[in-house]
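Student: I would like a close look at a single part of this model. Please take one residue, work outward through its strand, and then turn to the aromatic side chains.

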Amino acid sequence: MSWRPQYRSSKFRNVYGKAASREHCFDGVPITKNVHDNHFCAVNARFLAIVTESAGGGSFLVIPLEQTGRIEPNYPKVCGHQGNVLDIKWNPFIENIIASCSEDTSVRIWEIPEGGLKRNMTEAVLELYGHSRRVGIVEWHPTTNNILLSAGYDYKVLIWNLDVGEPVKMIDCHTDVILCMSFNADGSLLATTCKDKKLRVVEPRSGRVLQEASCKNHRVNRVVFLGSTKRLLTTGVSRWNTRQIALWDQEDLSMPLIEEEIDGLSGLLFPFYDADTHMLYLAGKGDGNIRYYEIGSEKPYLSYLMEFRSPAPQKGLGVMPKHGLDVSACEVFRFYKLITLKGLIEPISMIVPRRSETYQEDIYPMTPGTEPALTPDEWLSGVNRDPILMSLKEGYKRNSKIVFKAPAREKKSVVVNGIDLLENVPPRTENELLRMFFRQQDEIRRLKDELSQKDVRIRQLQLELKNFRNIPKNN
């Protein structure tokens, strides 16, 4: 029997992270101070969008990627929401369409003009109302154009068909606030985590729960499908309050395949999975480190590779789609790190060190592209189809020919599963209620002042009348 060395051979074992120089960062950005557990950042091959701090409503910046350096304080913003913006996501098939959700209970679709914004944008091409409380998450379907999911604090997930501008399905199996949503590769399954400490795998079109796990020893926060491997990865907290990850079989959530403790820090762990390289990245909110692993099909499933270290804490991270990477530099992943204390957005490239300058086909397989595989009607009728793949060779870039057309909105009722979601006016956000309260108090004070002034005037007139009556009459 021959002796074999006890180590794994991996082409990604030497992957390293490279932070961009200061002139290639985005400086002077008033990043939001909202404590909601989202990334507050979205990136595609053309634009970078960041949720910003603002008074009197919510707003976010949209900056062309080539416009690095210092951002002017009066740079134009997208500022149509009446409450804080909680999540933003770019359409994967139309690069100038972005979805946002807010505390004002609305989901809005915005069309960014060529070259970016020249003035503040306040009018959305589509406003979607159906939730009765604030909306915390939006998610685009990975293979179907114009299908958008939104999760609100009313414990419901709405599936919107943007061709008609209405919700077509409602998933109401959750008993508490939904923390995270993730589609599998073809969009036929949806995994969710919830504050009720349960992990669910749902068939989104019917709303049927296929698998459910009560995570008592592993309180789940975030979930991600691991490509087409039929596995899920969750991040959360163990019973000893240490950060933990767990790997699950999507067809059997009775017990995790493995559980692994990461560290004792308190910040949320964000998972990112690259299906092309089978690499998993873990980034902690509030710390500056990004750990990365390789996912295998056999035990031990998770193989630790390395860690990118930085002293600057991150509030959130945006991820560049594959077709926006620099293949000539062997870049396999790129983060956009939000550093709130400095008002800085710092790109971080994950690079495979190679000496050859030719195209590396082994690290750039065919990857999901910018063309949808299905129309909304096809997907809603039950059709599933894998994403249309494209090659990254020679810096492949293809401009999408799809154009977003907002539907005409005349219907004034939104009926889903026999329930009219707009039968009652959605309650206002806490900030809006406070503003309304203070306005009413000011109005009451103003009216009281006016009344007191009128009372004083009436007394003066009465006194003058009395004095006039006391004047002796001349004979």
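**A buried arginine and its surroundings**

Tutor: Start with one polar contact: a polar atom of the R334 side chain lies 3.4 Å from the backbone oxygen of G324. Keep in mind that this is a predicted model.

Where does R334 sit? It belongs to strand β29, which covers residues 331-339. Its relative accessible area is 13%. Buried means under 20%, so R334 counts as buried. Leaving aside residues up to four places away in sequence, R334 touches G318, V319, M320, G324, L325, D326, I348 and S349. G324, the residue of the polar contact, is thus among those that R334 touches.

Now widen the view to the strand. How many of the nine residues of β29 are buried? Nine of the nine are, so β29 is largely enclosed by the rest of the structure.

Next, the pairing. As a general point, strands of a sheet pair through backbone hydrogen bonds, either parallel or antiparallel. Strand β28, residues 317-319, pairs with β29 in the antiparallel sense over three bridges. Within that pairing, G318 stands opposite Y336 of β29. G318 is also one of the residues that R334 touches.

Strand β30, residues 344-351, pairs with β29 as well. The sense is again antiparallel, over eight bridges. One of the bridge partnerships joins E331 to I351 in β30. I348 and S349, which R334 touches, fall within the residue range of β30. The two strands β29 and β30 form a hairpin, with four residues between them. In the turn, G343 has a positive phi of about 60°.

Compare that with a sheet elsewhere. An open sheet of four strands runs in the order β20-β21-β22-β23, with antiparallel pairing. Its edge strands are β20 (218-225) and β23 (258-263), each pairing on one side only. From one strand to the next, the twist averages 25°. β20 and strand β21, residues 231-238, pair over seven bridges in the antiparallel sense. H218 stands opposite S238 in β21.

Now the aromatic side chains. A search of the whole structure finds nine aromatic pairs. Take F60 and W110: their ring centres are 6.3 Å apart and their planes stand at 80°, so this pair is edge-to-face. The pair links distant parts of the chain, with F60 in strand β5 (residues 58-64) and W110 in strand β10 (residues 106-111), 50 residues apart. Are these two residues buried or exposed? F60 is buried, at 0% relative accessibility. W110 is buried too, with a relative accessible area of 0%.

Y359 and Y364 give a stacked pair. Their centres are 5.8 Å apart, with 20° between the planes. Y364 has a relative accessible area of 4%, so it counts as buried.

Which residues form one aromatic cluster? They are F272, Y281, Y292, F333 and F335. This leads back to the starting strand: F333 and F335 fall within the residue range of β29.

Finally, two arginines meet aromatic rings. The charged end of R134 sits over the ring of Y153, 5.1 Å from the ring centre. R239 lies over the face of W240, at 5.6 Å from the ring centre.

Definitions and conventions. Residues numbered from 1 in each chain as written. Predicted model: local features only at pLDDT ≥ 70, side-chain atom pairs only at ≥ 80, totals over all residues. Heavy atoms only, no water. Buried < 20%, exposed > 50% of the residue type's maximum accessible area, 1.4 Å probe, protein only. Polar contact = N/O pair within 3.5 Å; in protein donor to acceptor, adjacent residues only side chain to side chain. Contact = heavy atoms within 4.5 Å. Pairing = 2+ DSSP bridges. Axes fitted to C-alpha atoms, helices over the stretch in contact; angles between N-to-C directions. Phe/Tyr/Trp six-rings, centres within 6.5 Å; stacked < 30°, edge-to-face > 60°. Lys NZ or Arg CZ within 6 Å of the ring centre and 35° of its normal.
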